[in-house]
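Me: I would like to learn how to read this structure. Please take the features in turn, giving the general idea and then the case here.

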Amino acid sequence: MDALHPVLQAHTGLLVLLCALIFRVVHRLLCALPAPKLVRQDAFRSWKWRNLSVSIVHSLLTGVWALTCAVIWPETLYKIQTFYTPLSHLLVCVSTGYFIQDASDILMSGYAKGSWEFLLHHALVICCFSYTLYTQQCISGAVMALFVEVNSITLHLRMILKLASAQSSFVYHINKLVNIFTYITFRLGTQFYLTWFLVINFSEIVHAEYLLTGLMMMNVMMLIYFYRLLRADFFQRRKSYVAQNGTFNTKKFLND
């Protein structure tokens, strides 16, 4: 497997673009699958449904992949700066390709203005992941950062259930509890661990200020999202989703 190292390093950019194209093909294939009638009747819901379908595929793939890397190679958890394997390098390439594809999908959808927070998040991830790939520094950190995709599975499922107006279902109520647990464990826990590691080893990591700035920005975003999640699922005010004419503000409703 060590023979793959120079091959992956020499073709990293091409591999990332190939992964982006593959996720675009997945997007096209998922478009052919049936969606609930309620989703098909609204252009925004329809786009969101397709976008989330690809996101779930990415989360299932990379979340399990990242955890597997950590189980097989425990060095991933504490040799964050220097340790990596061809599989972990490939994982970061795959995920970077997905975020490029997803950012492109948002930009081409016509809903970029209302999704600027997602575009900012994707830009931060793409910059940090690209840095690790091209410098071969902190690839294990990027793998650990993908632990958050375990939580993304329940986050995306939550949004899909909302798209189908299934908030009163048993599945939604169970998922929102699991979602809070995975958010705290895999998202906030992972991010804060990586932040702590960078702070403690700041002087030993090349361009640590660059990575730390990106992490801190994502930490702030994740705390804001956590507050919104708690407010929407556990302290929800129905009137906040209702427009003056008495109808639901669809985009506001689905973004919370």
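Reply: Start with the salt bridge: a side-chain nitrogen of Lys or Arg within 4 Å of a carboxyl oxygen of Asp or Glu. By this rule the count is three salt bridges. This is a predicted model, in which local features need pLDDT of at least 70 and side-chain atom pairs count only at pLDDT 80 or more, while totals for chains, interfaces and linings use all residues. Residues are numbered from 1 along each chain as its sequence is written, and side-chain values use heavy atoms, with hydrogens and water left out.

Me: Which residue forms a salt bridge with Arg24?

Reply: Side chains of opposite charge can pair when their charged atoms come close. Arg24 pairs with Asp105, and their closest N and O atoms are 3.2 Å apart. The two lie 81 residues apart and link distant parts of the chain, Arg24 in helix H2 (residues 12-31) and Asp105 in helix H5 (residues 86-109). Helices here are DSSP runs (H or I, at least four residues), numbered from the N terminus.

Me: Is Asp105 buried or exposed?

Reply: Buried means under 20% relative accessible area, exposed means over 50%, and partly exposed is in between (1.4 Å probe, protein chains only). Asp105 counts as buried because its relative accessibility is 5%. Its partner Arg24, at 22%, counts as partly exposed.

Me: Where are the other salt bridges?

Reply: Arg228 meets Glu117 at 3.0 Å, N to O. That pair also links distant parts of the chain, with Arg228 in helix H10 (residues 208-234) and Glu117 in helix H6 (residues 116-135), 111 residues apart. Arg158 forms a salt bridge with Asp233, the closest N and O atoms being 2.8 Å apart. Here helix H8 (residues 148-163) holds Arg158 and H10 holds Asp233, 75 residues apart. Both Arg158 and Asp233 are buried.

Me: How many residues are in the largest nonpolar core?

Reply: A nonpolar core is a set of buried Ala, Val, Leu, Ile, Met, Phe, Trp, Tyr and Cys residues joined through side-chain atoms within 4.5 Å. The largest has 46 residues, of which Val92, Phe129 and Ile205 touch the most other members. Among the elements giving two or more residues to this core are H2, H5 and H10. H6 gives the largest share, seven residues. For contacts, the rule is heavy atoms within 4.5 Å. Leaving aside residues up to four places away in sequence, Phe129 touches Val92, Ser95, Thr96, Ala142, Ala145 and Leu146.

Me: What about H5 and H8 as helices?

Reply: The expected span of a helix is 1.5 Å times one less than its number of residues. For the 24 residues of H5 this gives 34 Å, and the end C-alpha atoms are 34 Å apart, which agrees. H5 is mostly covered, with 17 of its 24 residues buried. After H5 comes Gly110, with a positive phi near 95 degrees. The 16 residues of H8 should span 22 Å, and its end C-alpha atoms are 22 Å apart, in agreement. H8 is mostly covered too, since 14 of its 16 residues are buried.

Me: Is Ile174 buried or partly exposed?

Reply: Ile174 is partly exposed, because its relative accessible area is 40%. Its place is in helix H9.
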